[in-house]
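Trainee: I'm new to this one and I'd like a close look at a single part. Could you pick a strand and walk me through its surroundings?

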Amino acid sequence: MKHIAFALALLLSGTALSCTTGVANAQVLTLLTEEYPPYNFTRDGVITGAAVEQAELIMKALGTPYVLDILPWARALSLAESQPWTCVFTTGHDEERHKRFKWVEPLLVDRMVMLRKIGSGINPAGIEEAKRFTIGTQRGDFSSTFLENHAFPKIDLATDIETTLRKLLADRIDLMVTSEKTFEAMRDEGKAVEPALLLEGKLYGFACNLALPDTVVNGMQTQLEKLIADGTQDRIFAKYGIRSHR
(Lines give C-alpha, C1' and ligand atoms only; values in the text may rest on other atoms or scores of the structure.)
Protein backbone atom coordinates (compact mmCIF):
# COMPACT_ATOMS: atom_id res chain seq x y z
CA MET A 1 0.00 0.00 0.00
CA LYS A 2 2.84 2.42 0.69
CA HIS A 3 3.95 2.16 -2.95
CA ILE A 4 0.46 2.90 -4.29
CA ALA A 5 0.15 5.86 -1.93
CA PHE A 6 3.55 7.13 -3.07
CA ALA A 7 2.51 7.00 -6.72
CA LEU A 8 -0.84 8.71 -6.06
CA ALA A 9 0.80 11.47 -4.05
CA LEU A 10 3.22 12.18 -6.86
CA LEU A 11 0.44 12.28 -9.42
CA LEU A 12 -1.75 14.58 -7.35
CA SER A 13 1.13 16.97 -6.77
CA GLY A 14 1.96 17.02 -10.46
CA THR A 15 5.38 15.51 -9.90
CA ALA A 16 7.08 14.25 -13.08
CA LEU A 17 10.39 12.69 -13.92
CA SER A 18 13.29 14.77 -12.74
CA CYS A 19 15.03 16.98 -15.26
CA THR A 20 18.01 14.61 -15.21
CA THR A 21 16.00 12.21 -17.38
CA GLY A 22 15.24 14.92 -19.90
CA VAL A 23 11.52 14.14 -19.97
CA ALA A 24 8.40 15.33 -18.18
CA ASN A 25 5.81 12.60 -17.97
CA ALA A 26 2.90 11.80 -15.67
CA GLN A 27 2.93 8.11 -16.50
CA VAL A 28 3.09 5.65 -13.59
CA LEU A 29 5.75 2.96 -13.91
CA THR A 30 4.62 -0.51 -12.83
CA LEU A 31 7.35 -2.60 -11.21
CA LEU A 32 6.53 -6.29 -10.92
CA THR A 33 8.42 -8.93 -8.99
CA GLU A 34 7.97 -12.34 -7.36
CA GLU A 35 8.44 -14.03 -4.00
CA TYR A 36 12.14 -14.85 -4.29
CA PRO A 37 14.05 -14.02 -1.08
CA PRO A 38 16.39 -12.39 -0.35
CA TYR A 39 15.92 -10.21 -3.46
CA ASN A 40 12.16 -9.67 -3.45
CA PHE A 41 9.65 -10.99 -0.93
CA THR A 42 6.80 -10.02 1.37
CA ARG A 43 7.44 -9.45 5.07
CA ASP A 44 4.53 -8.45 7.33
CA GLY A 45 2.55 -7.40 4.28
CA VAL A 46 5.31 -5.17 2.90
CA ILE A 47 7.30 -5.93 -0.26
CA THR A 48 11.00 -5.79 0.57
CA GLY A 49 14.35 -7.36 -0.31
CA ALA A 50 17.77 -6.49 -1.67
CA ALA A 51 16.51 -5.78 -5.19
CA VAL A 52 13.37 -4.00 -3.98
CA GLU A 53 15.41 -1.56 -1.88
CA GLN A 54 17.51 -0.72 -4.94
CA ALA A 55 14.35 -0.21 -7.01
CA GLU A 56 12.90 2.14 -4.40
CA LEU A 57 16.09 4.21 -4.24
CA ILE A 58 16.21 4.46 -8.04
CA MET A 59 12.60 5.61 -8.26
CA LYS A 60 13.05 8.10 -5.43
CA ALA A 61 16.12 9.60 -7.11
CA LEU A 62 14.24 9.98 -10.39
CA GLY A 63 11.01 11.23 -8.81
CA THR A 64 9.16 8.70 -10.92
CA PRO A 65 5.59 7.74 -9.92
CA TYR A 66 5.46 3.96 -9.56
CA VAL A 67 3.52 1.03 -8.18
CA LEU A 68 5.06 -2.21 -6.96
CA ASP A 69 3.38 -5.60 -6.96
CA ILE A 70 4.30 -9.27 -6.40
CA LEU A 71 2.89 -11.87 -8.80
CA PRO A 72 3.73 -15.41 -9.87
CA TRP A 73 6.83 -15.12 -12.03
CA ALA A 74 5.37 -16.27 -15.35
CA ARG A 75 2.52 -13.76 -15.00
CA ALA A 76 4.88 -10.91 -14.06
CA LEU A 77 7.18 -11.63 -16.99
CA SER A 78 4.24 -11.80 -19.42
CA LEU A 79 2.83 -8.47 -18.25
CA ALA A 80 6.20 -6.75 -18.53
CA GLU A 81 6.46 -7.94 -22.11
CA SER A 82 2.91 -6.95 -23.09
CA GLN A 83 2.15 -3.83 -21.04
CA PRO A 84 3.81 -0.42 -21.70
CA TRP A 85 5.40 1.32 -18.72
CA THR A 86 6.03 -2.00 -16.99
CA CYS A 87 9.26 -3.63 -15.75
CA VAL A 88 9.88 -6.95 -14.03
CA PHE A 89 12.74 -7.79 -11.68
CA THR A 90 15.00 -9.45 -10.53
CA THR A 91 15.34 -10.87 -14.04
CA GLY A 92 18.15 -13.05 -15.37
CA HIS A 93 19.46 -11.62 -18.67
CA ASP A 94 20.00 -14.40 -21.18
CA GLU A 95 20.12 -14.66 -24.97
CA GLU A 96 16.49 -15.77 -25.28
CA ARG A 97 15.20 -12.73 -23.37
CA HIS A 98 17.67 -10.18 -24.69
CA LYS A 99 15.60 -8.68 -27.53
CA ARG A 100 12.27 -8.98 -25.75
CA PHE A 101 13.00 -6.22 -23.22
CA LYS A 102 14.96 -3.09 -22.47
CA TRP A 103 17.44 -3.78 -19.68
CA VAL A 104 18.63 -1.94 -16.55
CA GLU A 105 21.41 -3.89 -14.82
CA PRO A 106 23.03 -5.28 -12.79
CA LEU A 107 20.88 -5.45 -9.69
CA LEU A 108 23.25 -8.31 -8.96
CA VAL A 109 25.78 -10.59 -10.64
CA ASP A 110 25.42 -14.24 -9.78
CA ARG A 111 25.79 -17.83 -10.93
CA MET A 112 23.20 -20.56 -11.22
CA VAL A 113 23.59 -23.65 -9.10
CA MET A 114 21.83 -27.00 -8.83
CA LEU A 115 20.96 -27.83 -5.24
CA ARG A 116 20.34 -31.19 -3.63
CA LYS A 117 18.81 -32.11 -0.30
CA ILE A 118 21.57 -32.68 2.25
CA GLY A 119 22.20 -36.40 2.55
CA SER A 120 20.55 -37.30 -0.74
CA GLY A 121 23.80 -38.56 -2.25
CA ILE A 122 22.91 -37.06 -5.65
CA ASN A 123 26.19 -35.87 -7.14
CA PRO A 124 26.13 -35.26 -10.92
CA ALA A 125 29.59 -34.76 -12.44
CA GLY A 126 28.22 -32.40 -15.09
CA ILE A 127 25.18 -31.30 -17.07
CA GLU A 128 24.84 -34.53 -19.02
CA GLU A 129 24.84 -36.66 -15.89
CA ALA A 130 22.37 -34.29 -14.23
CA LYS A 131 19.87 -35.10 -17.00
CA ARG A 132 19.24 -38.43 -15.28
CA PHE A 133 17.42 -36.60 -12.49
CA THR A 134 14.17 -34.68 -12.06
CA ILE A 135 15.07 -30.97 -11.85
CA GLY A 136 12.79 -28.40 -10.25
CA THR A 137 12.45 -24.72 -11.04
CA GLN A 138 9.77 -22.05 -11.53
CA ARG A 139 7.51 -21.57 -14.54
CA GLY A 140 8.83 -18.70 -16.69
CA ASP A 141 12.12 -18.50 -14.79
CA PHE A 142 15.28 -18.10 -16.90
CA SER A 143 16.53 -21.38 -15.39
CA SER A 144 13.61 -23.22 -17.00
CA THR A 145 14.81 -21.84 -20.35
CA PHE A 146 18.32 -23.04 -19.51
CA LEU A 147 17.03 -26.54 -18.78
CA GLU A 148 14.92 -26.63 -21.95
CA ASN A 149 17.78 -25.34 -24.12
CA HIS A 150 20.04 -28.09 -22.74
CA ALA A 151 17.39 -30.75 -23.40
CA PHE A 152 16.78 -31.81 -19.81
CA PRO A 153 14.08 -34.50 -20.11
CA LYS A 154 12.57 -34.28 -16.60
CA ILE A 155 11.74 -30.68 -15.61
CA ASP A 156 9.33 -30.03 -12.74
CA LEU A 157 7.80 -26.52 -12.89
CA ALA A 158 6.30 -24.73 -9.89
CA THR A 159 4.75 -21.28 -9.49
CA ASP A 160 7.32 -20.03 -6.97
CA ILE A 161 10.65 -20.94 -5.38
CA GLU A 162 9.17 -21.87 -2.00
CA THR A 163 7.10 -24.59 -3.70
CA THR A 164 10.19 -25.87 -5.52
CA LEU A 165 12.14 -25.96 -2.27
CA ARG A 166 9.38 -27.87 -0.47
CA LYS A 167 9.36 -30.44 -3.27
CA LEU A 168 13.12 -30.90 -2.96
CA LEU A 169 13.00 -31.34 0.80
CA ALA A 170 10.09 -33.78 0.45
CA ASP A 171 12.05 -35.88 -2.11
CA ARG A 172 9.50 -35.11 -4.83
CA ILE A 173 12.31 -33.81 -7.07
CA ASP A 174 16.00 -34.68 -7.11
CA LEU A 175 17.58 -31.26 -7.72
CA MET A 176 16.53 -27.62 -8.01
CA VAL A 177 18.07 -24.72 -9.90
CA THR A 178 18.52 -21.32 -8.30
CA SER A 179 21.11 -18.58 -7.94
CA GLU A 180 24.20 -19.05 -5.81
CA LYS A 181 23.27 -16.04 -3.66
CA THR A 182 19.80 -17.45 -3.04
CA PHE A 183 21.40 -20.71 -1.96
CA GLU A 184 23.62 -18.79 0.47
CA ALA A 185 20.53 -17.17 1.99
CA MET A 186 18.85 -20.57 2.28
CA ARG A 187 21.94 -22.01 3.95
CA ASP A 188 22.11 -19.12 6.42
CA GLU A 189 18.44 -19.77 7.28
CA GLY A 190 19.26 -23.41 8.04
CA LYS A 191 17.60 -24.98 5.00
CA ALA A 192 18.82 -28.55 4.45
CA VAL A 193 20.23 -27.98 0.95
CA GLU A 194 23.70 -27.92 -0.54
CA PRO A 195 25.29 -27.34 -3.98
CA ALA A 196 25.40 -30.30 -6.32
CA LEU A 197 26.59 -28.58 -9.51
CA LEU A 198 27.68 -25.01 -10.34
CA LEU A 199 26.36 -23.67 -13.65
CA GLU A 200 26.88 -20.51 -15.70
CA GLY A 201 26.94 -16.91 -14.47
CA LYS A 202 24.27 -14.30 -15.13
CA LEU A 203 23.50 -10.61 -14.88
CA TYR A 204 20.19 -9.83 -13.19
CA GLY A 205 18.27 -6.60 -13.54
CA PHE A 206 15.07 -4.88 -14.60
CA ALA A 207 13.51 -6.21 -17.81
CA CYS A 208 11.35 -3.37 -19.14
CA ASN A 209 8.72 -3.25 -21.85
CA LEU A 210 10.13 -2.25 -25.23
CA ALA A 211 7.76 0.74 -25.35
CA LEU A 212 9.23 2.28 -22.19
CA PRO A 213 10.96 5.50 -23.30
CA ASP A 214 14.76 5.36 -23.45
CA THR A 215 14.89 8.47 -21.28
CA VAL A 216 13.30 6.50 -18.44
CA VAL A 217 15.46 3.42 -19.00
CA ASN A 218 18.62 5.53 -19.19
CA GLY A 219 17.64 7.41 -16.04
CA MET A 220 17.14 4.15 -14.16
CA GLN A 221 20.49 2.85 -15.44
CA THR A 222 22.28 6.01 -14.32
CA GLN A 223 20.83 5.82 -10.82
CA LEU A 224 21.63 2.10 -10.51
CA GLU A 225 25.23 2.76 -11.51
CA LYS A 226 25.42 5.42 -8.79
CA LEU A 227 24.22 2.89 -6.20
CA ILE A 228 26.97 0.53 -7.32
CA ALA A 229 29.70 3.18 -7.48
CA ASP A 230 29.07 4.67 -4.02
CA GLY A 231 28.83 1.27 -2.30
CA THR A 232 25.10 1.43 -1.58
CA GLN A 233 24.39 -1.80 -3.46
CA ASP A 234 27.01 -3.70 -1.45
CA ARG A 235 25.64 -2.26 1.82
CA ILE A 236 22.15 -3.45 0.86
CA PHE A 237 23.57 -6.88 0.01
CA ALA A 238 25.27 -7.05 3.43
CA LYS A 239 21.98 -6.15 5.15
CA TYR A 240 20.37 -9.24 3.60
CA GLY A 241 23.37 -11.51 4.13
CA ILE A 242 24.32 -11.53 0.45
CA ARG A 243 28.00 -11.79 -0.42
CA SER A 244 29.18 -9.65 -3.32
CA HIS A 245 30.94 -11.70 -6.02
CA ARG A 246 32.25 -8.72 -8.00
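Mentor: Let's take strand β10 and work outwards from there.

Before we start, keep in mind that this is a predicted model. The average pLDDT is 89, and 88% of the residues score at least 70. The stretch to be careful with is residues 1-25, where pLDDT stays under 50. The model has 41 contacts beyond four places in sequence for that stretch.

Now to the strand. β10 covers residues 193-208, and it pairs with β5 and with β6. Take β6 to begin with, which spans residues 102-117. Twelve bridges join β6 to β10, and the two run antiparallel. If you want a spot to look for on screen, find valine 104, whose bridge partner in β10 is phenylalanine 206. β6 is mostly covered, with 13 of its 16 residues buried.

β6 has another partner too: strand β9, residues 175-179. Those two pair in the antiparallel sense over four bridges. Here methionine 114 of β6 stands opposite valine 177 in β9.

Next comes β5, residues 86-93. Five bridges join β5 to β10, again antiparallel. Valine 88 marks one place to check, since its bridge partner in β10 is alanine 207. As for cover, eight of the eight residues in β5 are buried. β5 also pairs with strand β1, residues 29-33, through three bridges, and these two run parallel. Threonine 30 has threonine 86 of β5 as its bridge partner.

So what does a single residue of β10 look like up close? Try proline 195, which sits in this strand. Is proline 195 buried or exposed? Neither, quite: its relative accessible area is 37%, and because that falls between the 20% cut-off for buried and the 50% cut-off for exposed, proline 195 counts as partly exposed. Leaving aside residues up to four places away in sequence, proline 195 touches Val113, Met114, Leu115, Arg116 and Phe183. You've met Met114 already, as the residue opposite valine 177. There is also methionine 176, which is 19 residues from proline 195 in sequence and 9.7 Å away in space, C-alpha to C-alpha.

Further along β10 is tyrosine 204, and here the aromatic rings come in. The model has five aromatic pairs by the rule used. One of them is phenylalanine 142 with tyrosine 204, with ring centres 5.5 Å apart and planes at 80 degrees, an edge-to-face arrangement. This pair links distant parts of the chain: phenylalanine 142 lies in helix α6 and tyrosine 204 in strand β10, 62 residues apart. Tyrosine 204 has 6% relative accessibility, so tyrosine 204 counts as buried. Phenylalanine 142 also comes in at 6% and counts as buried.

Another of the pairs is phenylalanine 101 with tryptophan 103. The ring centres are 6.0 Å apart and the planes are at 75 degrees, so this pair is edge-to-face as well. Both phenylalanine 101 and tryptophan 103 are buried.

Follow the first ring pair across and you reach helix α6, residues 142-149. α6 is mostly covered, with six of its eight residues buried. Those buried residues are Phe142, Ser143, Ser144, Thr145, Phe146 and Leu147. Just after the helix, alanine 151 takes a positive phi of about 60 degrees.

One of those α6 residues, Ser144, leads to a last stop. It is touched by glutamine 138, which is found in strand β7, residues 135-138. Which other residues does glutamine 138 touch? Not counting residues up to four places away in sequence, they include Tyr36, Leu157, Ala158, Thr159, Asp160, Ile161 and Thr164. With Thr164 there's something extra: a polar contact of 2.6 Å joins the two side chains. Glutamine 138 is buried, with a relative accessible area of 0%, while proline 195, back where we began, is partly exposed.

To retrace the route: β10 runs antiparallel to β6 over twelve bridges and antiparallel to β5 over five, and tyrosine 204 ties β10 to α6 through an aromatic pair.

Methods. Residues numbered from 1 in each chain as written. Heavy atoms only, no water. Buried < 20%, exposed > 50% of the residue type's maximum accessible area, 1.4 Å probe, protein only. Contact = heavy atoms within 4.5 Å. Polar contact = N/O pair within 3.5 Å; in protein donor to acceptor, adjacent residues only side chain to side chain. pLDDT = per-residue confidence, 0-100. Pairing = 2+ DSSP bridges. Phe/Tyr/Trp six-rings, centres within 6.5 Å; stacked < 30°, edge-to-face > 60°.
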